[in-house]
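Subject: Structure handover

Hello,

Here is the structure I promised you. Please open it next to this message and follow along.

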Amino acid sequence: MVALNIYIFTLILTISIVVLTPTLLAMVKTRTAKGVQISLFLIDLFLIIRLILQFLTEDQTKLYTVLHTISLLLISLATIKIFSNLIVKYVIEKFQLFEVPEILQTTAEILIFIISGFIILNTTLKLESSILVTSGILTLTIGLALKDTLGNLVSGLAIEYHKAITKGDWVLINKKGGNIENINWMTTNVLTYDNDDFIIPNSIFSKYSFINHSRPTAIHMMIIKIRVSYEIPPNLVKDTIMEVIRQQEFVLQEYDNSVILTRFNDFNIDYEIRVHIPDLIKFIPVKDGINSKLWYQFKRKKIPVSMPIRTTFIKKHVKEKDILSVEYKKKLLKTVDFLKPLKDQQIENLAKRVKLETFAADEMIIRQGEIGDNMYILEEGYAELLYEDINGDIRSINTVSSPSIFGELSSLSGSPRTVTVLALTDCKLFSLDKNTFSDLFNADPAIGQIISEIITSRKIQLDQISKTPKKIDTIPEREDIIKDFLSKMKTFFRF
């Protein structure tokens with residue numbers, strides 16, 4: 001009766017474990033799921049063997065002893081795995097006490113199992129000295145056969161002990177860069193920049209020289225090399241590049257970012273752009289951002305990037321559609337309200353000096369508070385006008401498209417920019433600089449009076465949008481503002 005009850009209990013427990021295994025696996029973390037799965041499988045085998053033992057007869061003593069020993073070894077290993085995965089790793093890491101390296105966990109499991117296995121074998125099989133000697137020889141033979149495996153284990157332990165690298169570090173190993181994903185008892189896994197898994201046996205890894213980009217800190221200095229023509233003064237190149245660096249989101253501005261002239265070649269000059277980033281993950285987006293924005297900056301400032309010397313090329317000036325023609329520029333300038341009073345010859349003189357500039361999406365065209373010499377006419381693309389109040393709150397005033405103009409207040413009076421203009425898409429703009437207007441006003445001072453009246457109306461409108469407390473309602477007040485603006489123009493242009 002007792003044997004039957006044990007049989008029924010064991011059968012029910014076995015079925016329950018088998019049925020509940022998927023549910024239990026779903027409840028544990030992915031990191032520990034494999035260890036728990038092995039533990040549950042070992043428990044299943046243990047219960048099956050214990051079930052088989054219920055049917056053995058008294059004359060099958062040796063078979064009973066062997067199966068009994070195997071079942072104890074199985075439940076011992078299962079207990080060690082469960083303790084290791086569910087208690088040690090899960091509890092410790094859940095409460096963020098410290099991280100347990102996988103290789104140390106595996107090594108501890110092996111050592112504990114060897115000790116417990118020896119105790120079980122010695123207790124159940126009553127091992128004699130001759131058997132122990134034979135076992136020692138067998139162990140030595142196995143050790144020699146597994147010398148590479150043991151070498152990987154020892155090397156892995158050495159890596160963990162010295163803490164030269166840890167999980168999450170960015171390293172350069174054997175000309176391959178990537179992130180340390182895992183260090184187990186056999187291999188070190190590196191996820192490369194190309195998202196490939198680079199698997200290195202620990203015994204081989206320990207022989208490599210490598211660079212750890214995450215030590216002593218994750219902050220990394222990246223270097224971008226660029227080559228520019230001799231025609232461009234080095235200070236202009238450096239200032240242009242530094243202007244781009246200051247606009248980069250992931251560049252640490254508090255560090256000493258710089259541009260270094262490194263070499264004079266036969267036909268060009270080499271520069272190094274040195275910037276600091278918070279970690280190596282930002283390397284590609286920062287490099288792309290700097291290179292892309294430099295193209296736009298260089299094109300606006302007419303700084304040619306040097307071509308490879310081995311390339312022979314003839315540069316021909318090809319007009320972009322017809323937007324560079326004087327007639328097209330004249331037509332566009334006539335749409336600007338404060339330029340409508342100008343004579344045809346004056347408009348043509350301005351058109352000949354208009355410059356085409358290109359800005360990248362998310363690049364600032366003008367910045368509020370800065371002194372600017374240029375006014376812009378948007379030819380292609382979309383831009384957003386942003387206003388920052390005295391509390392530092394930034395709000396969008398408007399989104400503009402072709403043929404909107406901006407920057408005229410500052411460029412005509414020398415006053416700080418009143419708004420920030422941000423390119424929402426790649427934008428092409430025509431610009432007129434201070435010198436162009438200076439020549440216009442010196443040739444015809446009366447035109448300054450006319451332009452100041454038109455510009456003043458726009459300034460008053462902007463003040464009302466930006467919630468300036470004082471509103472201009474009377475004619476005398478408006479005339480005072482016109483005179484004040486005209487006085488600033490005369491001082492700025494000296495006419």
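Start with asparagine 374. This residue is buried, at 18% relative accessible area. Asparagine 374 sits in a loop, the one between β10 (364–366) and β11 (375–380). Which residues does asparagine 374 contact, leaving aside its neighbours within four places in sequence? They are Glu357, Gly407, Ser411, Arg417, Ser431, Leu432 and Asp433.

One caution before going on: this is a predicted model.

The overall picture

The protein has 495 residues, and 39% of them count as buried. Its secondary structure comes to 15 helices and 16 strands. Take the contacts between residues at least 6 apart in sequence: 69% of these join residues at least 24 apart.

The cores

Nonpolar side chains tend to be buried together in soluble globular proteins. Here the largest nonpolar core has 27 residues. Leu333, Phe338, Leu339, Leu412, Phe437, Phe441 and Ile451 have the most contacts inside it. Several elements give two or more residues to this core, among them α10, α11 (344–353), α12 (408–413) and α13 (434–443). Strands β11 and β16 are also on that list. Helix α15 gives the largest share, 4 residues. Another core lies apart from this one. That other core has 22 residues, including Met222, Ile241, Met242 and Ile303.

Glycine 448 is worth a look too. It lies in helix α14 (residues 446–465). At 0% relative accessibility, glycine 448 is buried. Its C-alpha is 7.6 Å from that of methionine 489, although the two residues are 41 apart in sequence.

Aromatic pairs

A pair of aromatic rings is described by the distance of the centres and the angle of the planes. How many aromatic pairs does the structure hold? There are 6.

Take tyrosine 230 and phenylalanine 264. Their ring centres are 6.1 Å apart and their planes meet at 10°, so this pair is stacked. The cut-off for stacked is under 30 degrees. Tyrosine 230 comes from the loop between β6 (220–229) and α8 (234–245), and phenylalanine 264 from strand β7 (residues 258–264). The pair therefore ties together parts that are 34 residues apart in sequence. Tyrosine 230 is partly exposed, at 37% relative accessible area. Phenylalanine 264 is exposed, at 56%.

Now tyrosine 328 and phenylalanine 430. This pair is tilted, with 6.4 Å from centre to centre and 50° between the planes. Tyrosine 328 is in helix α10 (residues 326–333) and phenylalanine 430 is in strand β16 (residues 427–432), so the pair ties together parts 102 residues apart in sequence. Is each partner buried or exposed? Tyrosine 328 is partly exposed, at 23% relative accessibility. Phenylalanine 430 is buried, at 2%.

Ring pairs also link Phe359, Tyr376 and Phe406 into a cluster. Phe359 has a charge over its ring as well: the charged end of arginine 300 sits 3.6 Å from the ring centre. Elsewhere, lysine 282 lies over the face of phenylalanine 250, at 5.3 Å from the ring centre.

The sheet

Look next at an open sheet of 5 strands. Its order is β4-β3-β2-β1-β5, and the pairing is antiparallel. Why do β4 (197–201) and β5 (210–212) each have one side without a neighbour in the sheet? They stand at the edges, each with a single partner strand, so one side of each is left free of a neighbour. From one strand to the next, the twist averages 35°.

Strands of a sheet pair through backbone hydrogen bonds. Strand β3 (residues 187–192) and β4 run antiparallel and are joined by 5 bridges. Threonine 188 has isoleucine 200 as its bridge partner in β4. Valine 190 has phenylalanine 198. β3 and β4 form a hairpin, with 4 residues between them. Asparagine 195, in the turn, has a positive phi of about 65°.

In a regular strand the side chains alternate between the two faces of the sheet. What does β4 show along its length? Phe198 and Ile200 point to one face and are buried. Asp197, Ile199 and Pro201 point to the other face and are not buried.

Best wishes

Terms used:
Residues numbered from 1 in each chain as written. Predicted model: local features only at pLDDT ≥ 70, side-chain atom pairs only at ≥ 80, totals over all residues. Heavy atoms only, no water. Phe/Tyr/Trp six-rings, centres within 6.5 Å; stacked < 30°, edge-to-face > 60°. Buried < 20%, exposed > 50% of the residue type's maximum accessible area, 1.4 Å probe, protein only. Lys NZ or Arg CZ within 6 Å of the ring centre and 35° of its normal. Pairing = 2+ DSSP bridges. Axes fitted to C-alpha atoms, helices over the stretch in contact; angles between N-to-C directions. Contact = heavy atoms within 4.5 Å. Core = buried A, V, L, I, M, F, W, Y, C linked by side-chain atoms within 4.5 Å.
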